[in-house]
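Please look at the sequence and the model below before reading on. The text then goes through a strand, a helix and a loop.

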Amino acid sequence: MANNCLEIKLRPYRTSDVDDFLMYAGNDKVTRFTRWNTFTSKEEALSYIYSFCIPHPYCRSICIEDRSIGFVIIMPRQGDDKCRAEIGYALAAEYWGQGITTGALKMAISDGFREFPDLVRMQASIEIENKASQRVLEKLGFQKECVLRKYTINKGQVRDMVMYSLLSSDLMP
């Protein structure tokens, strides 16, 4: 159910986001399917924002009323793979089920295809158990391509992943 009262904005991270960042990045429920471990200290979170989020070409804070409640990242590839990018995201648990992730990703996808001119494919690999994330991608027009069996290790366990993709041509009328 989309919450139309909330205005979603994407913006670059600031070090002043550290407390809000720690609220979701320090929550095991939120980080269950992320590739990074749950943050346990303000210092660790601040270091990550400063050294990774801020310099990254497209790591954006999902904000409501300028408060960071999640993130979206687009990781463009280089060289012969510059036609594709991986997209990842997470949202504070208290905002789940309100359409915020879908709205934020819609903005990020538009930004990504505009900011990275060689990009023709965005993809996301989602753990097979993460049904909510799969629904978000499907709402945005991503196509489920395949199940990648025993594809990666996350949180010490070998995981099956579902590969989704969205082509720039899928967005054209």
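The paragraphs below start with the strands, then turn to a helix and the loop after it.

The model is predicted. Strand β2, residues 59–64, is mostly covered, with six of its six residues buried. In a regular strand, side chains point alternately to one face of the sheet and the other. In β2 both faces are covered: Cys59, Ser61 and Cys63 are buried on one side, and Arg60, Ile62 and Ile64 are buried on the other.

Strand β2 has partners in β1 and β3. Strand β1, residues 8–12, runs antiparallel to β2 and is joined to β2 by five bridges. Within this pairing, Leu10 stands opposite Ile62 of β2. Six bridges join β2 to β3, again in an antiparallel arrangement; Ile64 has Arg67 of β3 as its bridge partner. The two strands β2 and β3 form a hairpin with two residues between them, and Glu65 in the turn has a positive phi of about 50°.

Helix α1 has four buried residues to consider: Val18, Phe21, Tyr24 and Ala25. They lie on the same side of α1 because they cover an arc of only 130° around the axis. These buried residues pack against α2, α3 (42–53) and β3 (67–76).

The loop between α1 (18–25) and α2 (28–31) contains Gly26. Is Gly26 buried, exposed or partly exposed? Its relative accessible area is 33%, so Gly26 counts as partly exposed. Apart from neighbours within four places in sequence, Gly26 is in contact with Phe21, Thr38 and Phe39. Gly26 and Phe39 are 13 residues apart in sequence, while their C-alpha atoms are 4.6 Å apart in space.

Note on methods. Residues numbered from 1 in each chain as written. Predicted model: local features only at pLDDT ≥ 70, side-chain atom pairs only at ≥ 80, totals over all residues. Heavy atoms only, no water. Buried < 20%, exposed > 50% of the residue type's maximum accessible area, 1.4 Å probe, protein only. Contact = heavy atoms within 4.5 Å. Arc of directions from axis to C-beta. Pairing = 2+ DSSP bridges.
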